[in-house]
Amino acid sequence: MDLDPEVPTEELSDMKTDLLTTLETELERSLKFPYNNMTRVYRLGERRGPRVAKLPESYGGDCLEQVARLQARLREQGIPTKTILNPDVMHFALIGETPDGIFYLDPSLRALKPVIFDNGVEENTVNAYPRVDDQWSRLNARKNGNQLEVTWAVPNGDRVRSMATHRFALAEPDATPRTTLEIQRAWFAGQKSLYWQIPDPTTGDLLNIRMMKGKEAPLEISLIGKRGGYKPEESPEFQERFERVIALTQVSERDIREFIAETRRRWLEFSSQL
């Protein structure tokens, strides 16, 4: 965002208010497109090319697709952003400018508000999914020179548990062109599990479907931050949680299971070819 230094202070304040309102609205909208790296594997295994596969929007997408969708919507509203990458774990996010600094958006970490660094602020924390025992999780971001260090922490009794940490180089060029299909396939071929994480706006829960690699590997569901861990398919807790997934995605159990089975087949197929 190119800001004119001659713009009056009051007008800059209005611009900032409008910008933050738009960012919050679009970030909330992005929660309806949940994190799901199974969709990326499904598309990478599409023989006719990854853009051919059509999936219900409620299936969501991986962090690259989440970022691309959010970036496109912001661009339509005149808000330019840059894609940043943590290359260690192939994690993508967005940064952009405010009248007084920068903002950071990370839809796959499900923050409830954008992280803003204004007027020399070097660190900020916002609420994020899931909510555990009436406490929201926390997304903390800290600028350290040219680095942005991010931690997603989930309540765990009297403590918090760090679930993800990321480090981004802010001065690097836009990351999207550097992420070829070959790089993506090689990355996922080396993974041992895939995840589909669906926020429940009514309860604040974050349902987490895990698919392990292997033809006979089990399908499991957890509630991130809740006691009990992953529940296997034969358990009553799995079925209760799976029914919640069906309700939140508005997709039939048959279609979801067919999608998961086909994703597993494609994952094993292209992994064996690398």
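What should the 20 residues of α6 span at 1.5 Å a residue, and how far apart are its end C-alpha atoms? I looked this up before anything else, bearing in mind that the model is predicted. The expected span for α6 is 28 Å, and I find its end C-alpha atoms 29 Å apart, which agrees.

**Entry on α6 and α4.** I then went along α6 (residues 253-272) for burial, and noted as buried Ile256, Phe259, Ile260, Thr263, Arg264, Arg266, Trp267, Phe270 and Ser271. Looking for a helix that packs against α6, I checked α4 (residues 181-189), and found the two at an angle of about 105 degrees with their axes 9 Å apart. Because angles of 65 to 115 degrees count as roughly perpendicular, I entered α4 as roughly perpendicular to α6. The residues that meet are Arg185, Phe188 and Ala189 from α4, and Trp267, Phe270 and Ser271 from α6. Sorted by class, I have four nonpolar residues, one polar and one charged in this contact. Trp267, Phe270 and Ser271 thus appear in my notes both as buried residues of α6 and as its side of the contact with α4.

**Entry on the four-stranded sheet and α3.** I traced an open sheet in the order β2-β3-β4-β5, with antiparallel pairing. β2 (82-86) and β5 (115-118) are at the edges with a single partner strand each, so one side of each has no neighbour in the sheet. Ignoring direction, I noted that neighbouring strands here are turned by 25 degrees against each other on average. Between β2 and β3 (residues 91-98) I found five bridges, and I marked Ile84 as standing opposite Ala93 in β3. Helix α3 packs on this sheet, where it touches β2, β3 and β4 (101-105), and its direction makes about 25 degrees with that of β3. I also checked the length of α3 (residues 63-76): its 14 residues reach 20 Å from first C-alpha to last, close to the 20 Å expected. Its buried residues include Cys63, Leu64, Val67, Leu70 and Leu74, but also Glu65 and Arg73. After α3 comes Gly78, for which I noted a positive phi near 80 degrees.

**Entry on the five-stranded sheet and α2.** My last search was in a second open sheet, ordered β1-β10-β11-β12-β13 and paired in the antiparallel sense. Its edge strands are β1 (35-36) and β13 (231-232), each pairing on one side only. I counted five bridges between β11 (residues 206-212) and β12 (residues 219-223), with Ile209 opposite Ile221 in β12. Helix α2 (residues 37-44) lies across β1, β10 (193-199) and β11, and runs at about 130 degrees to β10.

Technical notes
Residues numbered from 1 in each chain as written. Predicted model: local features only at pLDDT ≥ 70, side-chain atom pairs only at ≥ 80, totals over all residues. Heavy atoms only, no water. Axes fitted to C-alpha atoms, helices over the stretch in contact; angles between N-to-C directions. Parallel < 35°, antiparallel > 145°, perpendicular 65-115°, else oblique. Contact = heavy atoms within 4.5 Å. Nonpolar A, V, L, I, M, F, W, Y, C, P; charged D, E, K, R; others polar. Pairing = 2+ DSSP bridges. Expected span 1.5 Å × (residues − 1). Buried < 20%, exposed > 50% of the residue type's maximum accessible area, 1.4 Å probe, protein only.
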